[in-house]
Amino acid sequence: HIHDPGAKHVHGYRGVVAHQRLGAPLTSLNGQLVTTAAWTAIEVARSLARPRALATLDAALAVGVVTQIDLTTAAEAQAGRRSIVGVRPLIAMADGAAQSPMESECRLLFRDSALATPTLQHPVLDDCGMPKFFLDFAWENAMVAGEYDGDEFHGTALAVRRDKARTAWLQERGWLVVPITADDVRRRPRDLIRRLQHHLITRAA
C-alpha cells in the first residue's frame, strides 16, 4: 500500500495498491516522495484496534523516527478523520521502550484495569553493578516483575532452560517473577490482573 500525493495513480505493479491522501505532509526518501513518519504512524493506528494501534505508536517511537510531539501534531492535522478520537489518548501512553506488540497490549490492559503503572525494561544489576537482565514490566517498590513469554522466543527447550535460570537468579535477589502469555492477556485478562494486584498488595505490605 502506498500513498499517491497527486492525481496520478500507480498501475501495472502487482501487489501495489495506491491510496490518495490529499494534504498529507510529504518528505523525500531515497528520491521517492513518501508521507512523513508521524503522519503514517497515526494513519496506520487509526485503521487498527486499540492494542495494535498502541503497538504501532510504540514502534514508531522505538525506531527513533518520531517523537510524541510529532505524533500529537500529526493527530491534530488528521482531526475529523475516522477513528482519530480513539488514537489521541494512546499517544500519551506510547513508549518506545516496549519491545513487542504484545508488550504494548499488556500495557493497555494494565491501564484499562487501573493497575499501577510499571517501569518498562527495568535493569537488574549484577554483583559488579552492571545490568544483567532487563525486566519487561517492573513494579520496583514491591519487587514484582511481569515477563511476557511469547512462543516465538520462549517456546524451545533451550529457551525454557534459560528462562528458568533467569527466574532463579532474579528470585535470589528478591524479585517475584509473574509470567505472562498471550492467553493471559486475551483470554484470561481478569485472572492476570487479579494475580498481579494480589502480589503488588501483599509484597508492598
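Rings of Phe, Tyr and Trp count as a pair if their centres lie within 6.5 Å, with the six-membered ring standing for Trp. With that in hand, let's walk through this predicted model.

**Aromatic residues**

Phe110, Phe137 and Trp139 join up as one aromatic cluster. Across the structure there are three aromatic pairs. One of the aromatic pairs is made by Phe133 and Trp169, whose rings sit edge-to-face. Their centres are 5.3 Å apart, and their planes make an angle of 75°; planes over 60 degrees apart earn the edge-to-face label. Because Phe133 belongs to strand S6 and Trp169 to helix H7, this pair ties together parts that lie 36 residues apart in sequence. Are these two residues, Phe133 and Trp169, buried or exposed? Both Phe133 and Trp169 are buried.

**Two helices side by side**

Now to helices H3 and H4. Their axes lie 10 Å apart and meet at an angle of about 165°. Angles over 145 degrees count as roughly antiparallel, and H3 and H4 are therefore roughly antiparallel to each other. The crossing of H3 past H4 is left-handed.

Here is what each helix brings to the contact:

| Helix | Span | Residues in the contact |
|---|---|---|
| H3 | residues 68-77 | Gln68, Leu71, Thr72, Ala75 |
| H4 | residues 84-93 | Ile84, Arg88, Ile91, Ala92 |

What kinds of residue make up the contact of H3 with H4? Five are nonpolar, two are polar and one is charged.

Note on methods: Residues numbered from 1 in each chain as written. Predicted model: local features only at pLDDT ≥ 70, side-chain atom pairs only at ≥ 80, totals over all residues. Heavy atoms only, no water. Axes fitted to C-alpha atoms, helices over the stretch in contact; angles between N-to-C directions. Helix = DSSP H or I, 4+ residues; strand = E, 2+ residues; numbered from the N terminus. Parallel < 35°, antiparallel > 145°, perpendicular 65-115°, else oblique. Left-handed = near helix turned anticlockwise from the far one by under 90°. Contact = heavy atoms within 4.5 Å. Nonpolar A, V, L, I, M, F, W, Y, C, P; charged D, E, K, R; others polar. Phe/Tyr/Trp six-rings, centres within 6.5 Å; stacked < 30°, edge-to-face > 60°. Buried < 20%, exposed > 50% of the residue type's maximum accessible area, 1.4 Å probe, protein only.
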